There are 4 protein chains.
Amino acid sequence: MEYRRLGRTGLQLSVLSYGSWVTFHQQVGDNLGDKLMGLAYDNGINFFDNAEAYEGGKSEEVMGRILKNKNWDRTTYCISSKAFFGMYGKNNKPTQRGLSRKHLTEACHMALKRMQMDYLDLFYCHRPDPEVGMEEIVRTMNTLIAQGKILYWGTSEWSAGDILEANAVAKGLGLEGPAMEQPQYNLFERQKMENDYLPVFKEVGIGTTIWSPLASGLLTGKYNDGVPEGSRLSIEKYGWLKEAALQEERVEKVRQLKTIADELNTSLSALSVAWTIHNPNVTTTILGATKEEQLTENLKALDLYPMLTTEVMDRMDKIMGTKP
Amino acid sequence: MEYRRLGRTGLQLSVLSYGSWVTFHQQVGDNLGDKLMGLAYDNGINFFDNAEAYEGGKSEEVMGRILKNKNWDRTTYCISSKAFFGMYGKNNKPTQRGLSRKHLTEACHMALKRMQMDYLDLFYCHRPDPEVGMEEIVRTMNTLIAQGKILYWGTSEWSAGDILEANAVAKGLGLEGPAMEQPQYNLFERQKMENDYLPVFKEVGIGTTIWSPLASGLLTGKYNDGVPEGSRLSIEKYGWLKEAALQEERVEKVRQLKTIADELNTSLSALSVAWTIHNPNVTTTILGATKEEQLTENLKALDLYPMLTTEVMDRMDKIMGTKP
Amino acid sequence: MEYRRLGRTGLQLSVLSYGSWVTFHQQVGDNLGDKLMGLAYDNGINFFDNAEAYEGGKSEEVMGRILKNKNWDRTTYCISSKAFFGMYGKNNKPTQRGLSRKHLTEACHMALKRMQMDYLDLFYCHRPDPEVGMEEIVRTMNTLIAQGKILYWGTSEWSAGDILEANAVAKGLGLEGPAMEQPQYNLFERQKMENDYLPVFKEVGIGTTIWSPLASGLLTGKYNDGVPEGSRLSIEKYGWLKEAALQEERVEKVRQLKTIADELNTSLSALSVAWTIHNPNVTTTILGATKEEQLTENLKALDLYPMLTTEVMDRMDKIMGTKP
Amino acid sequence: MEYRRLGRTGLQLSVLSYGSWVTFHQQVGDNLGDKLMGLAYDNGINFFDNAEAYEGGKSEEVMGRILKNKNWDRTTYCISSKAFFGMYGKNNKPTQRGLSRKHLTEACHMALKRMQMDYLDLFYCHRPDPEVGMEEIVRTMNTLIAQGKILYWGTSEWSAGDILEANAVAKGLGLEGPAMEQPQYNLFERQKMENDYLPVFKEVGIGTTIWSPLASGLLTGKYNDGVPEGSRLSIEKYGWLKEAALQEERVEKVRQLKTIADELNTSLSALSVAWTIHNPNVTTTILGATKEEQLTENLKALDLYPMLTTEVMDRMDKIMGTKP
């Protein structure tokens, strides 16, 4: 496994990491989760990603039970949670979501309880919240650090401007700005990572923990012949993803990528994941595999990415047409 | 229910809230309190107001027992307390009142104990205290936030100048200024909310939690024909309110307001409460109903206030003659 | 009882207070201490002074047991401790004295344990310590405040320059400077309170808690006819006080003061104590009475001091010849 | 014993101190360690040095058990730990070493647990870490101080530039910079202490806790006739020291020093240790004796060092040829 510094911090995260997302509790129960996390850990993965919003807290409960059972040395891995969406979706009460001090503080306490831990390594603002002053967010996160409840705080899906503002407000108060951002990044979504955030990387030294490296599975190639039963896209609950993801145009591009994967003697998944960590501004790419074979396949990206020559990268750019 | 941000903070409070004031323990026992708070909560009220001074702490004890019994999710509602007057009125020892670090700290600890909680959402300086340096107040409140004992601090019945000073002192120390003010506001008392505080709303972004929307009951119209037995004004202990409140001149105005209420097919109470939340600088108006029917009546203000047209507001202004 | 603000703070201390000094454990056991503190408290005294150095911590243990037994409301009184001398006098190990972070922190913890409390109201640097940087002292005291272990910090027998430096260092760090100083002050020792500290009172707004108002008993007049058996001065351990205190010249002045006391129909003790609280820069004068009669006599200073006219004060000045 | 201030701090450390280094657990078991620490303490030593890296934490466990058994007053001595190398050497996971907030925080918690204490007196960054921003290090150490887990923080084997940067970053944030540095210092290694750090001593007022005063035993003269069985250098694990230390050239110098030791009627060890504390920029020299006789011999440096006249020092400088 390769490890990278999380931006300017001293935290060394495995360049591939594992997220329970909406799969834990929903598709992945305790037993399978145990196997998947064990496989990840044994392969050197040291960052496990989570959030209050994933299956209404159940994703964290499953991970907490698995970690308790594994009994790995707490100093060998990192755990995250994120606050914003609340646990109850549309049933959230007004104080149970957003980035107010009340919700950030209570969300942190509840995540610690669900995961059965004393502190989180990373704690994210899961989205920007125009309904809270930036000073309140910065102060609250710093208070949680001072109280020993979290080690680093960051953002997810914030704009470059949001992050720069948070950093400026923190500096002005003598406090600590965000250390990391968790954006979507894959062969279809490149604007933020490859353009918007460039000044943020340079000026603030922020690390990134990438989600959706396979574009909701699209880049695995499994939709090349239509949506199979039992795949994440087939679950009605996430039906809203269908429209955007399944455009035939996109699938066609994936089919062309397949040629390159074949040439490199690898899978579309491994190629797509490898492509993300080829970007040095990526600290870690979060895998969301729900089967051991998938995870094993994704891990091949590690050996693959040094083989992505300029020539290969150029060909991929041409196929995708998404380079900013 | 409608929810509004508490000033610049991210806290979303219901625009109508409920306060136990001096009624809990005195007029409202545990059983009735349980029903009233249940009715409020079921109607979306998420802020319950209290203070050390209300019935010498007994008001908080009653509320604490009710909340323990209700067992609502702590993240769904907000609780306040206030320090200044102490619990013993004229029998307070000199260290048991005011805004010294000793009293603010001990008052917070005692309120938490009486209410059986780990933290207060809002904690107020119940009055200004010229006998304490502003720096001590600001530092103490920030220390309580850092210790996780309170989430937001504010003021009650402070002048605009006091609030601006607190804010300036906080800024100078890199600390957090007051987030909210709790003033009296009703059709008779408009000077502060509609004139004095305007620069505070603009520069500091302070929220307001309004008390006495019905002018001690005067605006319910129940004194239109004299003081009935059993009403709050008839209780000798609060006899000092009589003189000011019962001036015939004021009652006459209320009688004229009744015409407008009748036209709108509503009660004087609902009209008067609706009038307060029509002001966008009001975050929430605290109701103090002691009977379920009253609370139900007051809650009608929610549907009513969008119907207060400019024409209706002008007529009310003319009747009252209190617009600054 | 009259109460005065402790300098710029909001703490209201009784203008007369009670200190266990070296008398508790040595001359005053638990039973007598209980009576003396009860008498003090019943007369409105709300500040009980102590220090690690008084009888090697035993003075605090006695006071702690008495307070536990009394079970007074913790919010009605204030307790102090002081660190510098350590508990073991010449047997202190090098880390057990002075104003290092280690000793200040450990001394605070030990005082809380001896007094069986959660926090001290006032915590003093018992002497200046040229062997510690001022920043370390200021930071340590502020950390103890942030941790909720003390409410206010101050100094004892520091020079005006020391106090101003502490204040300047605190301001520069955005931290809190000393709130009070405990100097010796009596008809023989006037230089600091009436001259040196004047800029400190003006610029820093420091409060004062006065010790030795009776000049080690000299001003009670009890040495007017020689040193009696059983008095504090007769105890060999404190023999070093004899030389300075018993100069015949000083006793002669006391004899002349007696004339004024007689004219005012009061005792020398009451007159001398009253003279200290006549100075508005005195927040409180600490009494060290070891007998109930003495304490009762000293408390008469309260009614007496408003009767100290300019004419009387001038005559006292002339007799003493100690006015700066 | 003589005590010196740790730089600008108020902490008084014995000029000779004792470190368990790699000898505890390895060569020195609980029984012998108990005797050695007892001998040290009885001779006035008040600083016991340790680190997570010494025997993978076992050195701290041994010391913790001994201290628990000794039951000395916690205020009479100082304990250190250091973080950077982790407990597992080459088997450390990436998050188990370095100066990230995660490792510093977890290393502190683990050291406290191994030593069975509530706080460390001194906590060091055992080496510089170019893979962490200085702000993170400074903030983390200050947070540990604020939480009461450590009293002072410092560095070990940092360059003068590193220390000055840490100090500048701390000042800029209103936080506390490093209070001490632990460098190697002996007759062979003089560059840092006698040249590089001079501006640090002057500008930052840093104290020093010296390790390896005997150059891994070389200066005891025990290698004057070759490496004996059972000595630290003979243990394979530390074989890397051999090459550098045993150069015949160096041993020859030691042989010449022996003449001076003989003239002064003392041992090479005592002379070498005395030479280190003759430098006033040395706060304390850490002894690593594994036998009672050795420790007793080393302690003679105390009486010896005032006898190191300018003439003797000059002769030693000439023999060594190491003066910067």
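**Figure 1. Laying chain A on chain D.** In this predicted model, a turn of 90° with a shift of 0.0 Å along the axis lays chain A on chain D, and the RMSD is 0.0 Å. Now look at where these copies meet. Just 11% of the interface residues of chain A are also interface residues in chain D, so the copies meet through different surfaces.

**Figure 2. The contact between chain A and chain D.** Here 19 residues from chain A come up against 22 residues from chain D. On the chain A side, strand S1 (3–5), helix H4 (134–146) and strand S7 (150–156) each put in at least two of the residues that touch chain D. Sort that side of chain A by class and you get seven nonpolar, eight polar and four charged residues.

**Figure 3. Laying chain C on chain B.** Take chain C, turn it by 90° and shift it 0.0 Å along the axis, and it can be laid on chain B with an RMSD of 0.0 Å. The two copies are thus related as by a four-fold rotation axis. As for the surfaces they use, only 11% of the interface residues of chain C are also interface residues in chain B, so the copies meet through different surfaces.

**Figure 4. The contact between chain C and chain B.** In this view, 22 residues of chain B are in contact with 19 residues of chain C. Strand S1 (3–5), H4 and strand S7 (150–156) of chain C each give at least two residues to the side of chain C that touches chain B. That side of chain C holds seven nonpolar, eight polar and four charged residues.

**Figure 5. Pairs of chains without a contact.** Try looking from chain A to chain C: no contact joins them, and their closest C-alpha atoms are 11 Å apart. Chain B and chain D aren't joined by a contact either, with their closest C-alpha atoms 11 Å apart.

**Figure 6. The barrel of chain B.** Follow the strands in the order S3-S4-S5-S6-S7-S8-S9-S10 and you trace a closed barrel of eight strands in chain B, paired in parallel. From one strand to the next, the twist averages 30°. Zooming in on one pair, strand S7 (residues 150–156) and strand S8 (residues 180–182) of chain B run in the parallel sense and share three bridges. Within this view, B:Gly154 stands opposite B:Met180 in S8(B).

**Figure 7. Helix H3 of chain C.** With 15 residues at 1.5 Å a residue, helix H3 (residues 101–115) of chain C should span 21 Å, and its end C-alpha atoms are indeed 21 Å apart, which agrees. Of those 15 residues, 13 are buried, so H3(C) is largely enclosed by the rest of the structure. Just past H3(C) sits C:Gln116, with a positive phi of about 55°.

**Figure 8. Helix H4 of chain B and its neighbours.** Helix H4 (residues 134–146) of chain B has 13 residues and stretches 18 Å from first C-alpha to last, close to the 18 Å expected at 1.5 Å a residue. H4(B) is mostly covered, with 11 of its 13 residues buried. Among them are B:Ile137, B:Val138, B:Met141, B:Leu144 and B:Ile145. What do the buried residues of H4(B) pack against? Within chain B, they meet helix H3 (101–115), strand S6 (120–125), S7 and helix H5 (160–173). They also pack against H4 of chain A and helix H4 (134–146) of chain C. After H4(B) comes B:Gly148, whose phi is positive, near 80°.

Notes:
Residues numbered from 1 in each chain as written. Chains lettered and ligands numbered in written order. Predicted model: local features only at pLDDT ≥ 70, side-chain atom pairs only at ≥ 80, totals over all residues. Contact = placed C-beta atoms within 7 Å. Helix = DSSP H or I, 4+ residues; strand = E, 2+ residues; numbered from the N terminus. Nonpolar A, V, L, I, M, F, W, Y, C, P; charged D, E, K, R; others polar. Least-squares fit on C-alpha atoms with pLDDT ≥ 70 in both. Pairing = 2+ DSSP bridges. Axes fitted to C-alpha atoms, helices over the stretch in contact; angles between N-to-C directions. Expected span 1.5 Å × (residues − 1). Buried ≥ 20, exposed ≤ 12 C-beta atoms within 10 Å, placed from the backbone.
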